[in-house]
Amino acid sequence: MTGPISTVGRQSDTVSSDTFSVKINRVLKAKSIAYKQFGRAVDLQSSGVWVAVSAELQAFQKTVPVRAATLIGSSGRMYRQSRRAGDAPNVLSTKTVQPGLPTTGLLVFELPEDELRNMKLVLSEQYDPQLKDEISVSLETIETAPQARLEIRKDGV
């Protein structure tokens, strides 16, 4: 009775709740990610796979901080955004979505390679929302092997 108000959709669609919407632009996977922070190069390796989701968010009536992003893998295990990549440029968890101003950016996750099939992205203002909007997007399976390195820039990937 006090759980989230859930909206479900597919990656190819713009999925809208009452308060915000999400459009997934691309889903990329890589063995390492690289970016610049304060003028120095950062290169993060993974024993699993990095998954970067490029998305556009839009708020409708009020400012919405979409801080909670979870990737649900093929086993049903949940993976929150990687804190190791939290300083990467253009990460959506550091942004606030204003009404009428679409906001684009990245959600970055680190997970085992066997979790890459039938993934779902779940977005909300907070983890475990109660009586607040939550959007769940089924992501298309990426059949190609992870690229060796993904360069994250201020303007995207």
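Where is S54 found? S54 is found in strand β4, residues 40-59. Strands (E, at least two residues) and helices (H or I, at least four) are DSSP runs, numbered from the N terminus.

All views show a predicted model, in which local features need pLDDT of at least 70, side-chain atom pairs count only at pLDDT 80 or more, and totals for chains, interfaces and linings use all residues. Residues are numbered from 1 along each chain as its sequence is written, and side-chain values use heavy atoms, with hydrogens and water left out.

**View 1. S54 and its surroundings in β4.**
S54 counts as buried because its relative accessibility is 17%. Buried means under 20% relative accessible area, exposed over 50%, and partly exposed in between (1.4 Å probe, protein chains only). Residues up to four places away in sequence are not counted here; beyond them, S54 touches K23, I24, N25, R26, G105 and L106. Contact means heavy atoms within 4.5 Å.

**View 2. Strand β7 against β4.**
Nine bridges join the two strands, which run antiparallel. Two strands pair if DSSP finds at least two bridges between them. V53 stands opposite L107 in β7. Seven of the nine residues of β7 are buried, so this strand is largely enclosed by the rest of the structure.

**View 3. The five-stranded open sheet.**
The strand order is β1-β9-β8-β5-β6, with mixed pairing. β1 (5-10) and β6 (78-80) are the edge strands, and each pairs on one side only. Neighbouring strands of this sheet are turned by 25° against each other on average, direction ignored. Axes are lines fitted to C-alpha atoms, for helices over the stretch in contact; angles run from 0 to 180 degrees between N-to-C directions.

**View 4. Strand β8 between its two partners.**
β8 (residues 120-124) pairs with β5 (residues 68-72) in the antiparallel sense, over five bridges. Five bridges also join β8 to β9 (residues 133-138), and these two strands run antiparallel. Follow L121 across the sheet. Its bridge partner in β5 is L71, and its bridge partner in β9 is V137. β8 is mostly covered, with four of its five residues buried.

**View 5. The largest nonpolar core.**
A nonpolar core is a set of buried Ala, Val, Leu, Ile, Met, Phe, Trp, Tyr and Cys residues joined through side-chain atoms within 4.5 Å. This one has 28 residues, and V22, I24, V53, L121, L123 and L139 touch the most other members. β3 (20-37), β4, β5, β7 (103-111), β8 and β9 each supply at least two residues. The largest share, six residues, comes from β4. A second, separate core of 15 residues includes Y35, L44, V108 and L150.

**View 6. I24 and its contacts.**
Neighbours within four places in sequence are left aside. I24 is in contact with Q11, V53, S54, A55, L121, V137 and L139.

**View 7. R80 over the ring of Y127.**
The charged end of R80 sits 3.7 Å from the ring centre. A charge sits over a ring if NZ of Lys or CZ of Arg is within 6 Å of the ring centre and within 35 degrees of the ring normal.

**View 8. F38 in the loop between β3 and β4.**
F38 counts as exposed because its relative accessibility is 80%. F38 and S138 are 100 residues apart in sequence, and 35 Å separate them in space, C-alpha to C-alpha.
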